Amino acid sequence: KKFVLLRHIFVGYSAVALNHIIDFKEKKQEIAKPVSPSELFPSLPIVQGTSKRLKVLTRLTLVVSDPSHCNLLRSTSTNIRLYDIIAVFPKTEKLFHIACTTLDVDLVCINVTEKLPFYFRRPPVNMAIDRGIYFELLYTPAIKDSTMRRYTISNAISLMQICKGKNIVISSAAERPLELRGPYDVANLGLLFGLSEGEAKAAVSTNCRATMLHGETRKSACGVVYTVKKLHKIEEEETVPACKKAKTQA
């Protein structure tokens, strides 16, 4: 984990999420407390080219193959509330519909390693977008195997035809440093997934930030205000030529 985290810094990332996966199909698992960043580093490393330290988030991903598995998300588990991001990986069309319309999650994971057993439908996808939920596509399988690359591109394009490039997050799920790619390389991969240039850049930047803010809202049960600096009126007036000022005043 340490080497993968350090690799994120060198390729240009300022934040990373440690993913804890629970697959109910394998065996009955309990939700443990998230790993604290202090367990990995006494002090977080500084992001290359800046004076800021790497931001390490915690993420819980639930792989659900039966509607009963979703009950865990509806419970008031203390450990669930400790995670910064909650994602769900639905295996069927019914579970995908439930994830988009009712579950209190931040991400819905899209299967990219095999052909989807169902088609995406507009109503649940639009409902998820309205609720501020994002869809996650992984790019690591596409660089590992040619067959999975075909599935990744095919499934991604099927989703883009419905969501029109909105609320997409592209991530790695990298387990080894060499599986990681820089944000600009990932944005270029987004073009293969059917995203426009602007949508591909958003999938590795602003959409990721929005997912994090959605998680903060879910944890606090309140709203989160995100501020953006805006030019002062005086600075805007300075950019207007003097001749145009005279005409408007006249």
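1. Let's start with leucine 82. This is a predicted model, and in it leucine 82 has a relative accessibility of 38%, so it counts as partly exposed, a class that runs between the 20% limit for buried and the 50% limit for exposed. Leucine 82 sits in the loop that joins helix H4 (78–81) to strand S3 (85–90). Setting aside neighbours within four places in sequence, leucine 82 is in contact with Lys33, Pro34, Thr58 and Lys219. You can also look for leucine 60: it is 22 residues from leucine 82 in sequence, and their C-alpha atoms are 9.6 Å apart.

2. Now the overall picture. The protein has 13 helices and 6 strands. Of its 250 residues, 42% count as buried. Take the contacts with a separation of 6 or more: residues 24 or more positions apart account for 74% of them. The accessible surface comes to about 14,800 Å², and carbon and sulfur atoms make up 55% of that.

3. How far does the predictor trust this model? The average pLDDT is 80, and 78% of the residues score at least 70. Among the elements, H6 has the highest mean pLDDT, at 94, while helix H12 (residues 233–238) has the lowest, at 46. Over residues 233–238 the pLDDT is below 50, and beyond near neighbours in sequence this stretch has 2 contacts in the model. Residues 243–248 also stay under 50, with 2 contacts beyond four places in sequence. I'd read both stretches with that in mind.

4. Helix H8 is a good place to spend some time. H8 covers residues 146–163, which is 18 residues, and it reaches 26 Å from its first C-alpha to its last, close to the 26 Å expected at 1.5 Å a residue. At its start, a side-chain oxygen of aspartate 145 comes to within 2.8 Å of the backbone nitrogen of threonine 147.

5. Which residues of H8 are buried? They are Thr152, Asn155, Ala156, Leu159, Met160, Ile162 and Cys163. Viewed down the axis of H8, these buried residues fall within an arc of 160°, so they line one face of the helix. The background is simple: an α-helix has 3.6 residues a turn, so residues three or four places apart point the same way. On the other side of H8, Arg150 and Gln161 are exposed.

6. What do the buried residues of H8 pack against? Their partners are helix H6 (122–130), strand S5 (134–138), helix H7 (140–144) and strand S6 (168–171).

7. H6 shows a one-sided pattern too. Pro124, Val125, Ala128 and Ile129 are buried in H6. They cover an arc of only 140° around the axis, which puts them on the same side of H6. The face turned away from that buried side carries the exposed residues Pro123 and Asp130. The cover over the buried residues of H6 includes helix H5 (93–101), S5 and H8. Just after H6, glycine 132 takes a positive phi of about 80°.

8. The stretch after H8 deserves a look at its backbone. Lysine 164 follows H8 and has a positive phi, near 60°, in a residue other than glycine. Lysine 164 lies in the loop between H8 and S6, and asparagine 167 lies in the loop between H8 and S6 as well. Asparagine 167 has a positive phi of about 55° although it is not a glycine. Is asparagine 167 buried or exposed? Its relative accessible area is 13%, under the 20% limit, so asparagine 167 is buried.

9. Past that loop comes strand S6, where serine 171 lies. With a relative accessible area of 19%, serine 171 falls under the 20% limit and is therefore buried. The serine 171 side chain makes a polar contact with the side chain of glutamate 136, at 2.5 Å. Not counting residues up to four places away in sequence, serine 171 touches Glu136, Leu137, Leu138 and Tyr139.

10. One last residue to check is isoleucine 22, in strand S1 (residues 15–23). Isoleucine 22 has 0% relative accessibility, so it counts as buried. Its C-alpha is separated by 9.9 Å from that of phenylalanine 89, which is 67 residues apart from isoleucine 22 along the chain.

Methods
Residues are numbered from 1 along each chain as its sequence is written. Side-chain values use heavy atoms; hydrogens and water are left out. Helices (H or I, at least four residues) and strands (E, at least two) are DSSP runs, numbered from the N terminus. The expected span of a helix is 1.5 Å times one less than its number of residues. Buried means under 20% relative accessible area, exposed over 50%, partly exposed in between (1.4 Å probe, protein chains only). The arc is that of the directions from the helix axis to the C-beta atoms. Contact means heavy atoms within 4.5 Å. A polar contact is a pair of N or O atoms within 3.5 Å; within protein, one must be able to donate a hydrogen and the other to accept it, and residues adjacent in sequence count only if both atoms are side-chain atoms. Accessible areas come from the Shrake-Rupley method with a 1.4 Å probe; for residues, only the protein chains shown count as cover. pLDDT is the predictor's confidence in each residue, from 0 to 100.
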